[in-house]
Amino acid sequence: MGIIDIITKDVISENESKRGMVSLRILYIALFVAFSIDLVLVGFSAILSNPFRIALFYVLILVLFWQTYHTTTRISIAAFVLFLLCMILSFIPVFGWSAGMQNYFIVILMLSFFAVHGSTLFKFLLAGLVLFARALTIFLFAGTKPETDIGPLTDKFLQLTNITAVFISIIMISYIFSRDENAAESKLMRFNDRLMHQAVTDPLTGLYNRRRAREYMDTLVKNMNHDSISVAIGDIDFFKKVNDTYGHDAGDEVLKFVAETFKDLFAGKAFISRYGGEEFLIVFPGLNGDEAYILLEDMRKDIQNSTVISGEEEIRVTMTFGLTEFDFNKDIDHTIKEADEKLYKGKSSGRNCVIY
């Protein structure tokens, strides 16, 4: 079993999250390594003068590491905090104040906010207790010299070792406890984006729906970024007959085919939406009626000359369009109504045409 497997092994209790336990195991390993480096730096004399204290440290850290697999997160955190407090108070006299053992209070503070379950008030109370304990160490140990003679370079390495262990501990706690929240937040954002997309998209054709079309036109007119705006409504001729003759599945295939043709021919030139049933609303920003008419004629001819395959059936359809230019002295409803009236004029005059 590798070190990663040892650290990430699940807890024994089924209703316990293993994030807290994984954090504690990493912290115990960081303390073990940092403390061992400290002992090497200060030399053999420190070990000889504190054999029982040092032996107890190693025994406790191994026992507490082992118990993270067999107890609850709350008990393990409490045991870790008590252990760390004892370690700080016991070894400041050994390594001296400048070695930075007191910086491990920051680790306790991080655990209080990330790993301890409780109200915000409770967590702030715990933070207050940590601050009090930290302040107390200043009065008790500030300026304490190490028990053995330590040179300036060794003292700097002691500081570096302990502050590195503290930084690693902070980084790992922050990463472990924020990773799931960040992942959940990203998942929620993606879900919201998907919901928003579904709310404004026709599920059959993938085109925007009537609601999004109105929003788009409102924004377009409000920003007034174009000298001309043309609006058209297109309708598939005799669509009911298609459904009655070939079935609704075939009708769906026709709708999807028309939508794809719109996307291919009008890509980057128009806003396309399924306005309802077999009707499509097309907005041409920046194009006058003559320019939009040319595009619609190309679309009409393409539909007329195409065949829709549905199963073994080959279906041919045509479309009729009503086209108008937006009048900035009138509202959007008037423009849509005008395009709709021209559409019905085209329907009554033989279909398969663009009325402008």
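What follows is a set of questions and answers on a predicted model of this protein.

Q: What makes the protein more spread out than a compact globule?
A: Start with the inventory: the secondary structure comes to 13 helices and seven strands. The radius of gyration is 37 Å, whereas the globule rule gives 21 Å for 356 residues, so the protein is more spread out than a compact globule. As for the spans, the C-alpha trace covers about 110 × 50 × 35 Å along its principal axes.

Q: How much of the protein counts as buried, and what share of its contacts joins residues at least 24 apart?
A: Of the 356 residues, 42% count as buried. Take the contacts between residues at least 6 apart in sequence, and 70% of them join residues at least 24 apart.

Q: What does the surface come to, and how are the charges placed?
A: The accessible surface is about 19300 Å², with 61% of that belonging to carbon and sulfur atoms. On the charge side, there are 34 positive and 41 negative side chains, and the centres of the two sets lie 6 Å apart.

Q: How many disulfides does the structure hold?
A: Zero. To count as one, a pair of cysteine sulfur atoms has to be within 2.5 Å.

Q: Why is Cys-86 called partly exposed?
A: Its relative accessibility is 42%. Partly exposed is the band between under 20% for buried and over 50% for exposed, so Cys-86 counts as partly exposed.

Q: Is Cys-353 buried or exposed, and why?
A: Cys-353 has a relative accessibility of 17%. The cut-off for buried is under 20%, so Cys-353 counts as buried.

Q: Why does Ser-23 count as buried, and what does it touch?
A: Ser-23 sits in helix H2, residues 19–42. Its relative accessibility is 2%, so against the under 20% cut-off it counts as buried. Leaving out residues up to four places away in sequence, Ser-23 touches Ile-176 and Phe-177.

Q: What makes Ile-163 partly exposed?
A: Ile-163 belongs to helix H8, residues 152–199. At 27% relative accessibility, Ile-163 falls between the 20% and 50% limits, so partly exposed is the right label. Its C-alpha is 7.0 Å from that of Asn-103, and the two are 60 residues apart in sequence.

Q: What makes the phi of Phe-238 worth a look?
A: Most residues other than glycine have a negative phi. Phe-238 has a phi near 55°, a positive value in a residue other than glycine. Where is Phe-238? In the loop between strand E1 (229–236) and helix H10 (239–246).

Q: What is the phi of Arg-351, and why is that residue called partly exposed?
A: Arg-351 has a positive phi of about 65° although it is not a glycine. You'll find Arg-351 in the loop between helix H13 (332–348) and strand E7 (354–355). Its relative accessibility is 28%, so it lands between 20% and 50% and counts as partly exposed.

Q: How do you know that Ile-355 is buried?
A: Ile-355, in strand E7, has a relative accessible area of 18%, and buried means under 20%, so the label holds. Not counting residues up to four places away in sequence, Ile-355 touches Phe-321, Gly-322, Leu-323, Lys-342, Lys-345, Gly-346 and Ser-349. Its C-alpha and that of Thr-324 are separated by 8.6 Å, with their positions 31 residues apart along the chain counted as the separation.

Q: Why is Thr-261 called buried, and which residues does it touch?
A: Thr-261 is in helix H11, residues 248–266. A relative accessible area of 7% is under the 20% cut-off, so Thr-261 is buried. Its partners, beyond residues up to four places away in sequence, are Met-299, Asp-302 and Ile-303. Thr-261 and Asp-302 are 41 residues apart in sequence and 8.1 Å apart, C-alpha to C-alpha.

Q: Why does Glu-279 count as buried?
A: Its relative accessible area is 15%, under the 20% cut-off, so Glu-279 is buried. Glu-279 lies in strand E3, residues 279–285. Setting aside neighbours within four places in sequence, its contacts include Ile-233, Gly-234, Asp-235, Asp-340, Leu-343 and Tyr-344. Between Glu-279 and Val-354, the C-alpha distance is 14 Å across 75 residues of sequence.

Notes
Residues are numbered from 1 along each chain as its sequence is written. This is a predicted model: local features need pLDDT of at least 70, side-chain atom pairs count only at pLDDT 80 or more; totals for chains, interfaces and linings use all residues. Side-chain values use heavy atoms; hydrogens and water are left out. Buried means under 20% relative accessible area, exposed over 50%, partly exposed in between (1.4 Å probe, protein chains only). Helices (H or I, at least four residues) and strands (E, at least two) are DSSP runs, numbered from the N terminus. The radius of gyration is taken over C-alpha atoms; the globule rule is 2.2 Å times the number of residues to the power 0.38. Contact means heavy atoms within 4.5 Å. Accessible areas come from the Shrake-Rupley method with a 1.4 Å probe; for residues, only the protein chains shown count as cover. Lys and Arg count as positive and Asp and Glu as negative; His and the chain ends are not counted. The place of a charge is taken as NZ of Lys, CZ of Arg, CG of Asp or CD of Glu.
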